[in-house]
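I opened a fresh page for this structure. I wrote down what I looked up, in the order I looked.

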Amino acid sequence: MVQLDFSLTPEACARLHDALICMKNFSDVVALEARQERLTLSALNLAKSGYASFVLQGPEFFDSYNFTPAPAAGDNGRFTCEITSKALLSVFKGRLFDPRKGDTAIDRCEVSLQDRPNQAQCRLIIKMICDQGVTKTYRLTYESVEVMHALFDKQNANNRWSIKSSYLREFIDYFGPKTEHLDFCFEDHQVTFTSFTEKIVNANREILKHPLQTAVTLNAADFDELSAQAQLHITISVKDFKAIVSHAETLRCQFNAFFSRPGRPLQFQYGSGGMECSFTLMTIQDGRTAPAPVPANTHQMQTRTAKKPEKAPAVQERANTAKKASAQMPPPPVPNTRKTLGRAGTSGTATPSQGVQQRNLDPDSLFVQQDEEDHQWDPANLDEGETLGWDASADNDAFQPGFKDTATPARTASYEAPGPDALEPTQRMSQIKGLW
Amino acid sequence: MRFKASIQNINTFNKFTASIASLGAVAWVRLDENEIRFTIIPEQGTQVWAVLAKDTIFEQYTIQSANNDVINLEVPVVQLQRALKSALNATSANIRLTKKDSLPVLCLTINTVSYRTGVDAFGASSARQDPDAMDDRASSVDFNSSSRERETIVTQDIPVRVLSQSNVDGIHEPRCREPDVHIQLPPLIQLKSISDRFTKLALASKSGTSGNSNSTPRLELSANMHGCLRLSIRTDAMNISTLWTGLQNPDLDPAQVEGGEEGIRHHASTRMRELGSADGKSEEGWATVRIDGRDWGKVMSVGRLSGRVIACFCDDHALILYVFLSNNEDSDDPSVLTVS
């Protein structure tokens, strides 16, 4: 009998929401793995080229955390399941945790797992306890599956950099929405991030439809740690990078990257306040630009700002936990185009393009809408289906430019479904004809 | 072929491209020693013929080409605007024509310098979480002042197509008869919100009856030489109109009109001035054009430039809008609208 109960502060709920938004970029389903001391949320994309994991440390992230594994499994037992991210996001909504929103602000969130043989239904029960004595209870179905995690061999990733996440956040909006790949490269005391599209456009006219190619150059001095082989081009997906950086910025923490060479996985890793986030992304193998791998430390440029010595153990500890989190397994020596990943249970169905679309529509998205006052000058969207009708809300304070009359037209209703007073027809007209 | 310039007025350039981006996807840009012309000729709708003096947006302007130092380009407006948008906070921005992978691009190089202390949006909160970080920053302020500045360089490559002179020889600004009425338009935000409202109303009433939403409603815009402008919409069910009075009818410059003083005396607008009244109640003396509601909404987006807009009405034929950038009287940006 597995038992899992934990409770969250409103702040933790908000952080959970941010993490879910970020994971949605990877997959439609979120995998949960509960262990004695921590809860891991992870998402693996359809192509299995991107994997996101958020390790929530029991005592630090949660108000209270209590997990009792099935007796047969012993102390190392764990509980794994998958839940659609849509369901979780509808529970952990964005602005729900804003204390300024008096009535709906929540006080506490309690989650418990209902997975007992004597109960008919297995559910994850989430209770939002609000200020006004209101308790909202959500019962989510889950699928009990084995969760797979991406492996990343940090020992062999001899290139790394570390930078404040806010520095990255400043420029990710420059990358156009239509570009696919992001290349970064260290050269001449500078790191250049370039977003580009590989589509080869032949038709002369089509050239103009090519998206912008954007390059952002940062000084090596802006990095807190930079130890990378010069002129090594690492290419990942722009979309993933944007989602990760946007999330990292909400935690306001140091952003670390570990990588070896093109065609091998890369890992971004950061964390604060009991939330450890790591992303393992496949990098694109590119024969043109990659120089032959050189032995470590021969052509490496080391810029490392002085760090307080007492910080080092913390970093070490974090690395250890990260190591613990992913099972140790050396990657195959031959560079693969696919990284060694276990099979995920039921995979999501979102294609990348759908993901982008949903993200744009999502008002709670982490992506800052580039709303400017300039907006009012844009041509009015006349296709938004505005219809005339009466505003039944009698809310005279706010002028509403458009509203929808959702009532069914009375006339059709009377034909389709006669009211309770009307008599139902008893016979078909065609049947009557034969009677006389 | 060389073109290189630094952009001195990024905000204006950005707003300008934003306002023409709604009217067409691709602009013909003609660069020469003195001015930059943007021309948009969509298959349907409003044409834009804009002229910007080079000093309005550029400085340190260098241009060279075999064709009398004239360069003709086809530029995707949306990409250009997106690139300019990323330059809004720049300390400096340069644009040059170059080739990358044997494809011509307009390369926009944007330098942004930010200061560590200023940029740390999370300065206070991170300091709370992590006292070490604050110590780090404090020491860098005290002892290592050179590292405080952070310089970021962003380059945006806009794909372009170079046009040869023979390609553009056939493109001419449309000629139009002398206008019957010319008038300075009221603040465009008023005009835009009212006309958008009208268009929506007409669309709604139309879809209520026939469900044919393909054809857009026609707005009727009329003006007289006594400072009156009337915007109206007529459907089977309704007839609404808005009237502005007390607007300016600028005087014509004899030097610009064919025939000088004599030409003005016989000018259509002089005859129109004799008709109608300043309260707009008289039915005489109006020049009227019917314009596509959606198209008009797109044209109105030029209002973000907050320029002075003169509308020239050729009764039942065409409407031409001249937009003058307010900061510089000489540099005019005539957006020419020809809808009948």
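I began with helix H1 of chain A and found it mostly covered, with 11 of its 15 residues buried. The model is a predicted one, and I read each entry below with that in mind.

I listed the buried residues of H1(A) by name. At the start of the list are A:Pro10, A:Ala12 and A:Cys13. The list goes on with A:Leu16, A:His17, A:Asp18, A:Ala19, A:Leu20, A:Ile21, A:Cys22 and A:Met23.

I then checked the length of H1(A). The expected span follows from 1.5 Å times one less than the number of residues, so the 15 residues of H1(A) should cover 21 Å. The C-alpha atoms at the two ends are 21 Å apart, which agrees.

Next I picked one residue of the helix. A:Ala19 sits in helix H1 of chain A. Is A:Ala19 buried or exposed? The cut-off for buried is under 20% relative accessible area; A:Ala19 has a relative accessibility of 0%, so I entered A:Ala19 as buried.

I asked which residues A:Ala19 is in contact with, leaving aside neighbours within four places in sequence. I found A:Phe54, A:His247 and A:Met275. I looked again at A:His247: 228 residues separate it from A:Ala19 in sequence, but the C-alpha atoms of the two are 7.0 Å apart in space.

I moved on to the largest nonpolar core, which has 157 residues. A:Trp161 and A:Phe193 touch the most other members. Helix H1 of chain A, residues 10–24, gives the most to this core, with 8 residues.

I followed A:Trp161 further, not counting residues up to four places away in sequence. Among the residues that A:Trp161 touches are A:Phe193, A:Leu168, A:Phe184, A:Phe223 and A:Phe255. A:Glu225 and A:Asn256 are also among the residues touched by A:Trp161.

I checked the confidence of chain A. The average pLDDT is 73, and 61% of the residues score at least 70. Over residues 287–371 of chain A the pLDDT is below 50, and this stretch has 129 contacts in the model beyond near neighbours in sequence. Residues 395–418 of chain A are also below 50, with 14 such contacts. Where pLDDT is low, the predicted coordinates should not be read in detail.

I ended with chain B. Its secondary structure comes to 11 helices and 18 strands. Of the 340 residues in chain B, 52% are buried. Chain B exposes about 16,100 Å², and carbon and sulfur atoms supply 45% of that area. For contacts in chain B with a separation of 6 or more, 68% join residues 24 or more positions apart.

Terms used: Residues are numbered from 1 along each chain as its sequence is written. Chains are lettered from A and ligands numbered from 1 in the order in which they are written. This is a predicted model: local features need pLDDT of at least 70, side-chain atom pairs count only at pLDDT 80 or more; totals for chains, interfaces and linings use all residues. Side-chain values use heavy atoms; hydrogens and water are left out. A nonpolar core is a set of buried Ala, Val, Leu, Ile, Met, Phe, Trp, Tyr and Cys residues joined through side-chain atoms within 4.5 Å. Buried means under 20% relative accessible area, exposed over 50%, partly exposed in between (1.4 Å probe, protein chains only). Helices (H or I, at least four residues) and strands (E, at least two) are DSSP runs, numbered from the N terminus. Contact means heavy atoms within 4.5 Å. Accessible areas come from the Shrake-Rupley method with a 1.4 Å probe; for residues, only the protein chains shown count as cover. pLDDT is the predictor's confidence in each residue, from 0 to 100.
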